[in-house]
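I sat down with this model to look up two things. My notes follow the structure below.

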2 protein chains.
Amino acid sequence: MSREEKPNTAILSRALPRKKQGLSPCAACEVRHLAVCSALKTDDLDELDAILTRRDLSAGDTLFDEGEPARNVYNLTSGCLKLYKLLPDGRRQVTGFLFAGDFVGLANSDDYIYSAEAVTQVALCRFEKHKLDHLMNTHLSLEKRLLGMARFELVEAQEQILMLGRKTAMERIASFILMLSDRAQRRDEPADPVKLPMSRNDIGDYLGLTTETVSRTITRLRKNGIISLDSDRSITIKQRETMNDIAEGF
Amino acid sequence: MSREEKPNTAILSRALPRKKQGLSPCAACEVRHLAVCSALKTDDLDELDAILTRRDLSAGDTLFDEGEPARNVYNLTSGCLKLYKLLPDGRRQVTGFLFAGDFVGLANSDDYIYSAEAVTQVALCRFEKHKLDHLMNTHLSLEKRLLGMARFELVEAQEQILMLGRKTAMERIASFILMLSDRAQRRDEPADPVKLPMSRNDIGDYLGLTTETVSRTITRLRKNGIISLDSDRSITIKQRETMNDIAEGF
DNA sequence: CATCATAATTGACCTAGATCAATTCGTTGC
DNA sequence: GCAACGAATTGATCTAGGTCAATTATGATG
């Protein structure tokens, strides 16, 4: 880029005062570019801000339960949230882990089709569904963005279905670690080491395995020198190519 | 409805000639109300018709392969289509069976993320992606409809994930038969008997089981009097409540 | 209608991952 | 530093569903 593209003082002098006047907090949001919110121009962000409520959860807190009327949708701005479904005898399937920038509630239904619980400390923006729907009518880019996100989530769901239906325990674990790495990278975090904020039990319930199998399999990857376990619940991928091959079933 | 609402001759005289002049074939489409197409008013259907190509496939024909550039999307108007992903060693996961009214290509990507193959004789409407995108810009209801369909598909994907991750073979088979029954009903076909146009092998690859397990499990349901096998690849659900209980994991 | 090919069923046996049961590791609080 | 408790790991054993191997239906074809 040429030096000439650096903003001159004239432009700067217009921008700065507005920020000081208290332009929408959304404008300063660090994950805006990752979230639905990126669909709106900076000038329109106050309309978004007007209909949202910010909320924090501690690790272990429940956001909502499967079966409750689904009045709200959420935008996760920091932390990790898990979504899960239960069978009557207590068997549990974690259907997804969400991180900063992810949207909660794309899967549309009158009632929530899964429960949502904080894995770590979590911050979110809550929108009443009907208010967001209304905003979508005046800001079509918002609807486009939501459609794009839904279509992308469908791609990821297909991957998850392949994993659960046909991959071995080892292939699932490798796929899972790589997925977390890829997603960290997408939100401008380092791809390596990979943080695993969730318990072995949660990982098992996501991968359709037991805690014990998750543990044994991670141990095996470690003993083979493909990964190493750091402290603070994170993993370093020592041989990414090998991991890829394992994950893809080669 | 009152008699007065019956169209009078004046209205009829406007409507009939248009039909004879060759009003869009879409207007006569039997599955229009099930498909994306329902988003458009009858008067706008010719715009849809203008950008589509009708196509037939015989059982076993491939529509497209995973990895090909995804230039087209499709609307299935009759028959059954299966979508599947392969692992390098040939393990296969059928990610979905589609029927009349279903849309092929909601999961968005530059390349197809699965292969599509006709299970039975199939009829479809093909749309070039960019043309449909363009039509969406002038007909916002089309975009809304697509978003609605994507969000509904996400709900179904979550169910499938629970099934593959945590249900037993018996629970999967029961869930599968009931799902086919529900979907038949949604397209105004009888809920019972349920047609299973796909092979045991396809069912296995959808449920993450082998052909043998599918066969044994269906036999067990039959011997317990919960279902009966008719000729012509269809199944009668004799005890729907029991089936529901099995499917839900009670 | 006999022939061949393919799909479905059934049986015998095997194995990946589950289950059950101890340890061991990490944290948190005192 | 040291209990105390939950999470993770490791080991021993079990089992649901897979694999391998016939056998039997079910169509398609000349």
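**Around the DNA**

I started with DNA strand C and found 16 residues surrounding it, the closest being A:Thr213, A:Arg216, B:Arg200, B:Ser215 and B:Thr219; a residue is near if one of its heavy atoms lies within 4 Å. Of the strand C atoms that come within 4 Å of the protein, 62% belong to sugar and phosphate.

Before going on, I noted that this is a predicted model, where local features need pLDDT of at least 70, side-chain atom pairs count only at pLDDT 80 or more, and totals for chains, interfaces and linings use all residues. Residues are numbered from 1 along each chain as its sequence is written, chains are lettered from A and ligands numbered from 1 in the order written, and side-chain values use heavy atoms, leaving out hydrogens and water.

Next I looked up phosphate oxygens of strand C. One is 2.7 Å from a polar side-chain atom of B:Arg200, and one is 2.8 Å from a side-chain N or O atom of B:Ser215. For A:Ala169, a polar backbone atom sits 2.9 Å from a phosphate oxygen.

I sorted the residues near strand C into 3 nonpolar, 7 polar and 6 charged (Ala, Val, Leu, Ile, Met, Phe, Trp, Tyr, Cys and Pro are nonpolar; Asp, Glu, Lys and Arg charged; the others, Gly among them, polar).

**Between the chains**

Chains A and B each put 46 residues into the contact (heavy atoms within 4.5 Å). I counted 8 salt bridges between them, each a side-chain nitrogen of Lys or Arg within 4 Å of a carboxyl oxygen of Asp or Glu. A:Lys144 and B:Glu143 form a salt bridge at 3.0 Å, N to O.

Conventions: Polar contact = N/O pair within 3.5 Å; in protein donor to acceptor, adjacent residues only side chain to side chain.
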